[in-house]
Amino acid sequence: MPKFFDSHSHVNDTRFDLDRAETLLRMKENSVWSVVVGTDKKMSEDAVVLAHKNEGIFAAIGLHPTDSDEELFDENFYKKLAKESKVVAIGECGLDYSRVPEEKREEEKKRQTALFEKHLNLAVSSNLPLMIHCRDAHPDILEILHSKKHEFGEKLRGNIHFFSESPETAKKYFDLDFTISFTGVLTFARNYDETVRYAPLEKLLSETDAPYVAPAPYRGKRNEPIYVEEVVKAIAQIRNQDFETVREAMVQNALRSFSIS
Ligand SMILES: [Zn+2]
């Protein structure tokens, strides 16, 4: 068993090109496992290659709603890749309206919704959880998940990555068999404390989203999976719970969510 689990990183990102081997070595030395997340065809394929080559590395595959030039979801490509043994989730996928200009809203909403539904269907048919990215679109994501829940039941499940919403919104996801994950933002912003305290421990996952948002005391640097320790510390502190209890739970929750044995 690893000591820490980073449920969402991008070690496949170009920002690790110069020292990816060293980054992976540091993870090994610090006993950190991670789900490396794809954002398009190439990044998904790279995540799978990394997973096959390294113990403790797993892959999520999918097309990011906005951070990609791929307009259409290549269903056959992702369907085939989803069969690889170390693929543990479909994503990151979801809805992101944060950078869409008002006049393009409707058209973009349509495109992203169709894209997200394709991921959802692939996740259910592959019996894998979803890794969801959502910004300024929680009512729409919840509505889609709700309507599909009736159809798919337990097979529809997953994680809302980089969660930044209220306890009320979190509860809606918990009721739909979704977990939420938090990043290093917890080490320097107090906006999410209420949600972190409210959530049942078994519904929380630790993540870094590396190379983005390094936690304190590494702010401003490139983030990397070993810094997930700071996220776990922050969760324990905010919840006023024993570090060891939270550390163990973050590992067990990830292993259970991604069906890693
Ligand atoms: Zn990400």
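## Strand β4 and its partners

Let's start with β4: nine of its ten residues are buried, so the rest of the structure largely encloses this strand. Keep in mind as you browse that this is a predicted model. Strand β4 covers residues 87–96 and pairs with β3 (residues 57–61) in the parallel sense, over three bridges. Two of the partnerships can be looked up by residue: alanine 60 has alanine 89 in β4 as its bridge partner, and isoleucine 61 has isoleucine 90.

On to β5, which runs parallel to β4 and is joined to it by five bridges. Here cysteine 93 stands opposite isoleucine 132 in β5. To get from β4 to β5 the chain passes through α4, and this β-α-β crossover is right-handed.

## Strand β3, covered on both faces

How many of the five residues of β3 are buried? Five of the five are, so β3 too is largely enclosed by the rest of the structure. In a regular strand, side chains alternate between the two faces of the sheet. Both faces of β3 are covered: buried Ile57, Ala59 and Ile61 lie on one side, and buried Phe58 and Ala60 on the other.

Strand β3 also pairs with β2, again in the parallel sense, over four bridges. Within that pairing, valine 36 is found opposite alanine 59 in β3. Together with helix α2 (residues 41–53), β2 and β3 form a right-handed β-α-β unit.

## The sheet as a whole

Stepping back, the strands belong to an open sheet of eight, in the order β1-β2-β3-β4-β5-β6-β7-β8, with parallel pairing. Why do β1 (4–9) and β8 (204–206) each have one side without a neighbour in the sheet? They stand at the edges and each has a single partner strand, so one side is left free of a neighbour. On average, neighbouring strands of this sheet are turned by 30 degrees against each other, direction ignored.

Two helices from later in the chain pack on this sheet. Helix α8 (residues 228–239) touches β1, β2 (32–37), β7 (178–182) and β8, and its direction makes about 145 degrees with that of β8. Helix α9 (residues 243–257) touches β1, β6 (158–160), β7 and β8, with its direction at about 50 degrees to that of β1.

## Helix α4, one face in and one face out

Helix α4 (residues 105–126) offers a friendly geometry check. At 1.5 Å a residue, its 22 residues should span 32 Å, and the end C-alpha atoms are 31 Å apart, which agrees. Just after the helix comes asparagine 127, with a positive phi near 55 degrees.

Which residues of α4 are buried? They are Gln112, Leu115, Phe116, His119, Leu120, Leu122 and Ala123. Viewed down the axis of α4, these buried residues fall within an arc of 165 degrees, so they line one face of the helix. This fits a general rule: an α-helix has 3.6 residues a turn, so residues three or four places apart point the same way. The cover over the buried residues of α4 includes α3 (75–81), β4, β5 (130–135), α5 (138–152) and β6. On the face turned away from the buried side, α4 carries the exposed residues Glu106, Glu107, Lys110 and Ala114.

How values were computed
Residues are numbered from 1 along each chain as its sequence is written. This is a predicted model: local features need pLDDT of at least 70, side-chain atom pairs count only at pLDDT 80 or more; totals for chains, interfaces and linings use all residues. Two strands pair if DSSP finds at least two bridges between them. Axes are lines fitted to C-alpha atoms, for helices over the stretch in contact, and angles run from 0 to 180 degrees between N-to-C directions. Two residues are in contact if their C-beta atoms, placed from the backbone, lie within 7 Å. The expected span of a helix is 1.5 Å times one less than its number of residues. A residue is buried if 20 or more other C-beta atoms lie within 10 Å of its own, exposed if 12 or fewer, and partly exposed in between; C-beta atoms are placed from the backbone. The arc is that of the directions from the helix axis to the C-beta atoms. A crossover is right-handed if, with the strands pointing away from the viewer, the path from the first strand over the helix to the second runs clockwise.
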